[in-house]
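Colleague: Got a minute to walk me through this one? I'd like to start with a single residue and work outwards.

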Amino acid sequence: MDFAYLRNIPGFEDLAPGDLAMINQVTIERKYKKNGTIFIEGEPGEGFHYIKTGKVKIVKASVDGREHIINILGPGEVFAEVLLFNDEAYPATAIALEDSCVGVIRNDKLEAILVGHPRIALHIIKVMSRKIRFIQMKIKSLAFSDSYAKIAQTLEGLARRYGRKTARGLEIDLDMTRQDVANLAGTTRETASRVFSIMKKDKVLDADERHIVILDQDGLRQYYENQM
């Protein structure tokens, strides 16, 4: 089986072919249709997940039952890695945003590899450290940025990862509502709609209910660079 796709995972790109083959041997490959549930918050954790193809959203339910998007992930990105070395339940729900193929490495299998192969363990630590850095940056943004900066940083991150160049600009290739963007940015739908209106007036972006095109990337960055 071809395991070159494992090099798309940040932290795995420098692993030797033998190490990649070892990881591939213990990987369970699962396919999900669009909107298919990968796991549900509170279920017993199974292991380390990574995306081979497709996109996945990580969500949590609020007390009133509404879905709040925590993150959107694409090929090569990992999730549920916080369960490594413990037997806790999944802290959130994972849902396929489109038809997706996900690799799963059960905790017991991965731990057995790490014990005997410190080089692979080091690369797993790198993967986890990247996620910690992402969380730290997210917390900083939520704590110290105003609504304009939060939404601008959220849109720039989405455009960088999922942007598709068009004649008009950089289109974010995701089916997202204002509420989805607001959830990712840590603000309300009303605030997101107000900020979108200002950004459209400034000709920084164009958007309808579910499609966003970044017209001026430098202009978008100015919304948060002034706070640094």
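**Starting at I9**

Modeller: Let's begin with I9, in the segment before α1 (17–25). Bear in mind that this is a predicted model.

Colleague: Is I9 buried or exposed?

Modeller: Buried. Its relative accessibility is 2%, and the cut-off for buried is under 20%.

Colleague: Which residues is I9 in contact with, leaving aside its neighbours within four places in sequence?

Modeller: Y50, G76, V78 and V127. There is also a close look at E77 to be had. The C-alpha atoms of I9 and E77 are 6.0 Å apart, with their positions 68 residues apart along the chain.

Colleague: OK, zoom out. What does the domain assignment give?

Modeller: Domain 1 (4–141) and domain 2 (145–226). Their centres, taken over C-alpha atoms, are separated by 26 Å.

Colleague: How many residues of each are in contact with the other?

Modeller: 14 from domain 1 and eleven from domain 2.

Colleague: And what does UniProt list for residues 11–114?

Modeller: An unreviewed entry there has "domain: Cyclic nucleotide-binding" for that span. In the model, residues 11–114 are 16% helix and 40% strand. The end C-alpha atoms of the span lie 14 Å apart.

Colleague: Let's do sheets. What is the strand order in the open sheet that has β1 in it?

Modeller: β1-β8-β3-β6, four strands with antiparallel pairing. The edges are β1 (27–32) and β6 (78–79), and each of them pairs on one side only.

Colleague: How many bridges hold β3 and β8?

Modeller: Six. Strand β3 covers residues 47–53, strand β8 covers 100–106, and they pair in the antiparallel sense. Take I51 as a marker: its bridge partner in β8 is V102. Helix α2 (residues 107–116) packs on this sheet and touches β3 and β8. The direction of α2 makes about 60° with that of β8.

Colleague: What about β7? Which way do its residues point?

Modeller: They split. In β7 (residues 93–96), T93 and I95 point one way, while A94 and A96 point the other way. All of them are buried.

Colleague: How many bridges join β2 to β7?

Modeller: Two, and the strands run antiparallel. T37 has I95 as its bridge partner there. Strand β4 (residues 56–61) is also antiparallel to β7, with four bridges joining them. In that pair, I58 stands opposite A94.

Colleague: Now the other sheet, the one with β9. What's the order?

Modeller: β9-β10-β12-β11. It is an open sheet of four strands, again with antiparallel pairing. β9 (163–165) and β11 are the edge strands with a single partner each, so one side of each has no neighbour in the sheet. From one strand to the next, the twist averages 25°.

Colleague: How many bridges between β10 and β12?

Modeller: Three, antiparallel. E171 stands opposite V213 of β12.

Colleague: Switching topic. Which residues have the most contacts inside the largest nonpolar core?

Modeller: I151, L155, I172, F196, M199, I212 and I214. That core has 31 residues. Among the elements giving two or more residues are β5 (67–73), α5 (178–185) and α6 (189–201). The largest share comes from α4, with seven residues.

Colleague: Why does this core lie between the two domains?

Modeller: Because domain 1 (4–141) and domain 2 (145–226) both give residues to it.

Colleague: Pick I212. What is it in contact with, leaving aside neighbours within four places in sequence?

Modeller: L155, L170, E171, I172, V181, F196, D206 and A207. There is also a second, separate core of 19 residues, which includes F12, F48, L84 and I120.

Colleague: Last thing: odd backbone angles. What is the phi of N35?

Modeller: Positive, about 75°, although N35 is not a glycine. N35 sits in the loop between β1 and β2. N35 is exposed, at 55% relative accessible area.

Colleague: And A80: which loop is that in?

Modeller: The one between β6 and β7. A80 is not a glycine either, and its phi is positive at about 65°. A80 is buried, with a relative accessible area of 12%.

Notes. Residues are numbered from 1 along each chain as its sequence is written. This is a predicted model: local features need pLDDT of at least 70, side-chain atom pairs count only at pLDDT 80 or more; totals for chains, interfaces and linings use all residues. Side-chain values use heavy atoms; hydrogens and water are left out. Buried means under 20% relative accessible area, exposed over 50%, partly exposed in between (1.4 Å probe, protein chains only). Two strands pair if DSSP finds at least two bridges between them. Contact means heavy atoms within 4.5 Å. Axes are lines fitted to C-alpha atoms, for helices over the stretch in contact, and angles run from 0 to 180 degrees between N-to-C directions. UniProt positions are given in the numbering used here, feature names are shortened, and annotations may be inferred rather than shown by experiment. A nonpolar core is a set of buried Ala, Val, Leu, Ile, Met, Phe, Trp, Tyr and Cys residues joined through side-chain atoms within 4.5 Å. Domain bounds come from an automatic or database domain assignment.
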